[in-house]
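Reader: I should like to go through this model with you, one topic at a time. Could we start with the terms and then turn to the structure itself?

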Number of protein chains: 2
Amino acid sequence: MPKRSAEHLQARRDQILAGARRAFSRHGYEGATVARLEEEIGLSRGAIFNYYPNKLELFVALSTEDEARILRAALEHGFEAAFRYIAEENPDWLGVYLENARLLRTDAAFRERWKSRNPELEQLAEEYLTRQQADGEIRDDLPAETIGRFLGLVADGIAVQTSSGFAVDIEPVLGLVRDAITPRQ
Amino acid sequence: MPKRSAEHLQARRDQILAGARRAFSRHGYEGATVARLEEEIGLSRGAIFNYYPNKLELFVALSTEDEARILRAALEHGFEAAFRYIAEENPDWLGVYLENARLLRTDAAFRERWKSRNPELEQLAEEYLTRQQADGEIRDDLPAETIGRFLGLVADGIAVQTSSGFAVDIEPVLGLVRDAITPRQ
């Protein structure tokens, strides 16, 4: 491979990820064949797999990117912002995202790969919850991990309902989520 | 079709639903071809489609049965019992169940069909929440519908996590859900 500038490499990666996301959204994970990936991305398989070794890594790159965006939204603007972000996500893509539960269930290597998507951000999110507890912003009568898991469940629930294509007005529900985690009088 | 006893008809239906559930769990909704349905059920397509007009109706029958069981558990033993039921469900089947979000998103006829699965039970569930509000068991500063939607989100989140095959200990989280919906001091 000839030497390329960092900008060129990044632009190619962006092009590949954007096309792969369209291919997955339109055809599902299984249905996104190499031919369809080539078509949506506009590059040959040789070029694509120069950047990402296989379809699974392409998918992991997209889901890692999404998880990072959601965690960053939560860290910077609170969990409501993160939940709104999910509710506004493309339902087709969310469908693919949820599809991968099957891979998690059946593929041990994928499960390992999945766990280590955003270790630094996940660490930051846990520290954030612990800090919020210390500041009296969220209840401290439960481990931060339990509160994190509750918020994760709600996030997955929003993803399911959004992926069904029913218009989801999550605002009335966010107040209940907030009440669940604020300190009890 | 010769006249059959009600027991015989019910036994056949049970056999068909049990086999269809296995076929969907093993192969997914799309992958459960008519040949695979025949194999798992142990009846010819003619016999199967005598009871259910097509694959979609077989799937709707299964999901209707599941929803009814979960709603009944909630009505009789509270929402925690219903959530535990989901967490103990077969992850493979839950995966198929979640797959159908795609059908909901893309198939208008299926969306209509889906809405009217268990109208009586859904009505009972709504009345139950309203009664719990009147009795001071759950908060009444929000519409019963909002509380129902919150519980539905949590249920879907539990379904996603269980379908991923990660062991889900929902007990620590159930307390948070309970706190969210109990009357505020």
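Author: One definition is needed at the outset: a residue is buried if 20 or more other C-beta atoms lie within 10 Å of its own, exposed if 12 or fewer, and partly exposed in between. Please also note that this is a predicted model.

Reader: Using that cut-off, which residues in helix 6 of chain A are buried?

Author: They are A:P91, A:D92, A:L94, A:G95, A:V96, A:Y97, A:L98 and A:E99. Because eight of the nine residues of this helix (residues 91–99) are buried, helix 6 of chain A is largely enclosed by the rest of the structure.

Reader: And what share of the residues in chain A is buried?

Author: Buried residues account for 31% of the 185 residues in chain A.

Reader: What is the confidence of the model, for chain A and overall?

Author: Chain A has a mean pLDDT of 90, with 98% of its residues at 70 or more. For the model, ipTM is 0.88 and pTM is 0.90.

Reader: How many helices and strands does chain A have?

Author: There are eleven helices and zero strands in chain A. The C-alpha trace of chain A spans about 60 × 40 × 30 Å along its principal axes. Of the contacts in chain A with a separation of 6 or more, 63% are between residues 24 or more positions apart.

Reader: What does the domain assignment of chain A give?

Author: It gives domain 1 (1–52) and domain 2 (63–181). Their centres, taken over C-alpha atoms, are separated by 27 Å. Seven residues of domain 1 of chain A are in contact with seven residues of domain 2 of chain A. On the domain 1 side, the residues divide into three nonpolar, two polar and two charged.

Reader: Let us move to the two chains. How many residues does each give to the contact?

Author: Chain A gives 28 residues and chain B gives 28 residues. On the side of chain B that touches chain A, the elements giving two or more residues are helix 6 (91–99), helix 7 (101–106), helix 10 (144–163) and helix 11 (171–181) of chain B. Helix 10 of chain B gives the most, with eleven residues. By class, that side of chain B has 15 nonpolar, eight polar and five charged residues.

Reader: How can chain B be laid on chain A?

Author: A turn of 180° with a shift of 0.0 Å along the axis lays chain B on chain A with an RMSD of 0.0 Å. The two copies are thus related as by a two-fold rotation axis. Moreover, 100% of the interface residues of chain B are also interface residues in chain A, so the copies meet through the same surface.

Reader: Which residues of the largest nonpolar core touch the most other members?

Author: Of the 86 residues in that core, they are A:V154, A:I158, B:V154 and B:I158. Not counting residues up to four places away in sequence, A:V154 touches A:F83, A:V177, B:L153, B:V154 and B:G157.

Reader: One last item: where is B:N118?

Author: B:N118 is in the loop between helix 8 (108–115) and helix 9 (119–134) of chain B. Because B:N118 has 18 C-beta neighbours inside 10 Å, it counts as partly exposed. Leaving aside neighbours within four places in sequence, B:N118 is in contact with B:T64, B:E67, B:A68 and B:L71. The C-alpha atoms of B:N118 and B:L71 are separated by 9.2 Å, although these residues are 47 residues apart along the chain.

Key:
Residues are numbered from 1 along each chain as its sequence is written. Chains are lettered from A and ligands numbered from 1 in the order in which they are written. This is a predicted model: local features need pLDDT of at least 70, side-chain atom pairs count only at pLDDT 80 or more; totals for chains, interfaces and linings use all residues. Two residues are in contact if their C-beta atoms, placed from the backbone, lie within 7 Å. Helices (H or I, at least four residues) and strands (E, at least two) are DSSP runs, numbered from the N terminus. Ala, Val, Leu, Ile, Met, Phe, Trp, Tyr, Cys and Pro count as nonpolar, Asp, Glu, Lys and Arg as charged, and the others, Gly among them, as polar. Copies are superposed by least squares on the C-alpha atoms of residues with pLDDT of at least 70 in both. A nonpolar core is a set of buried Ala, Val, Leu, Ile, Met, Phe, Trp, Tyr and Cys residues joined through C-beta atoms within 7 Å. Domain bounds come from an automatic or database domain assignment. pLDDT is the predictor's confidence in each residue, from 0 to 100.
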